[in-house]
Amino acid sequence: KTCSEKKGKEKQVCLKLNKIRALRRRIQFLNNAAVKCDYSKDPVKCKVRLNKEILKLKEHLRNETIEFGKRMRIEL
């Protein structure tokens with residue numbers, strides 16, 4: 001919704017920034033959820049699954065950030 005008023009390259013930049021922010025929020029949420037693993041049936045398995053998901057998201061975030069940085073350099 002925040003990017004709907006923008007057009008062209010400005011809209012692409014807005015969408016990319018929002019995607020990066022969303023990935024960061026998801027990683028932060030999963031890090032906070034790791035505390036709840038202590039109360040699950042199998043805490044070790046819970047933490048392993050969360051860590052696996054966090055690593056996957058961090059890799060995705062890194063790729064998105066690199067791609068965004070390359071686009072910004074090309075446009076400037």
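Glu 64 is placed in helix 2 of this predicted model. With a relative accessibility of 8%, Glu 64 counts as buried, because the threshold for burial is set at under 20%. When neighbours within four places in sequence are set aside, the residues in contact with Glu 64 are Lys 16, Lys 19, Ile 20 and Leu 23. Two lysines and two nonpolar residues thus need to be considered in turn, beginning with the overall architecture.

The protein contains 2 helices and 0 strands. Its radius of gyration, 17 Å, is well over the 11 Å that the globule rule gives for 76 residues, and the protein is therefore more spread out than a compact globule. The C-alpha trace spans about 50 × 25 × 10 Å along its principal axes. Of the 76 residues, 20% are buried. The accessible surface amounts to about 6,500 Å², and carbon and sulfur atoms hold 56% of this area. Among contacts with a separation of 6 or more, 60% are accounted for by residues 24 or more positions apart.

Helix 1 covers residues 9-33, and helix 2 covers residues 43-75. The 25 residues of helix 1 reach 36 Å from the first C-alpha to the last, close to the 36 Å expected at 1.5 Å a residue. The buried residues of helix 1 are Cys 14, Lys 16, Ile 20, Leu 23, Ile 27, Leu 30 and Ala 33. A charged residue, Lys 16, therefore appears in this list, because its relative accessibility of 13% counts as buried.

The largest nonpolar core comprises 11 residues, namely Ile 20, Leu 23, Ile 27, Leu 30, Ala 33, Cys 37, Leu 50, Ile 54, Leu 57, Leu 61 and Phe 68. Helix 1 and helix 2 are the elements that give two or more residues to this core. In soluble globular proteins, nonpolar side chains tend to be buried together. Two members of the core illustrate the contacts involved. Ile 20, apart from its neighbours within four places in sequence, is in contact with Leu 61, Glu 64, Thr 65 and Phe 68. Among these partners, Leu 61 and Phe 68 are themselves members of the core, while Glu 64 is a buried residue of helix 2.

Leu 50 is also located in helix 2 and is buried, with a relative accessible area of 14%. Beyond its neighbours within four places in sequence, Leu 50 is in contact with Leu 30, Ala 33, Ala 34 and Cys 37. Leu 30, Ala 33 and Cys 37 belong to the largest nonpolar core, as does Leu 50. The C-alpha atoms of Leu 50 and Asn 31 are 7.9 Å apart in space, although the two residues are 19 residues apart in sequence.

Charged pairs form a further set of links. The structure holds 6 salt bridges. Side chains of opposite charge can pair when their charged atoms come close. Lys 16 and Glu 64 form one of these salt bridges, with the closest N and O atoms 2.8 Å apart. This pair links distant parts of the chain, since Lys 16 lies in helix 1 and Glu 64 in helix 2, at a separation of 48 residues. Both Lys 16 and Glu 64 are buried.

A salt bridge also joins the side chains of Lys 16 and Glu 67, at 3.3 Å from N to O. Because Lys 16 lies in helix 1 and Glu 67 in helix 2, this pair ties together parts that are 51 residues apart in sequence. Glu 67 counts as partly exposed at 32% relative accessibility, whereas Lys 16, at 13%, counts as buried. Besides Glu 64 and Glu 67, the contacts of Lys 16 outside its neighbours within four places in sequence include Phe 68 and Arg 71. Phe 68 is a member of the largest nonpolar core.

The side chains of Lys 19 and Glu 64 meet in a salt bridge as well, with an N to O distance of 3.5 Å. Here too distant parts of the chain are linked, Lys 19 being in helix 1 and Glu 64 in helix 2, 45 residues apart. Lys 19 counts as partly exposed at 40% relative accessibility, in contrast to Glu 64, which counts as buried at 8%. Taken together, Lys 16, Lys 19, Glu 64 and Glu 67 are linked in a network of salt bridges.

Key: Residues numbered from 1 in each chain as written. Predicted model: local features only at pLDDT ≥ 70, side-chain atom pairs only at ≥ 80, totals over all residues. Heavy atoms only, no water. Helix = DSSP H or I, 4+ residues; strand = E, 2+ residues; numbered from the N terminus. Buried < 20%, exposed > 50% of the residue type's maximum accessible area, 1.4 Å probe, protein only. Contact = heavy atoms within 4.5 Å. Core = buried A, V, L, I, M, F, W, Y, C linked by side-chain atoms within 4.5 Å. Salt bridge = Lys/Arg side-chain N within 4 Å of Asp/Glu carboxyl O. Rg over C-alpha atoms; globule rule 2.2 N^0.38 Å. Areas by Shrake-Rupley, 256 points an atom, 1.4 Å probe, with all protein chains shown as cover. Expected span 1.5 Å × (residues − 1).
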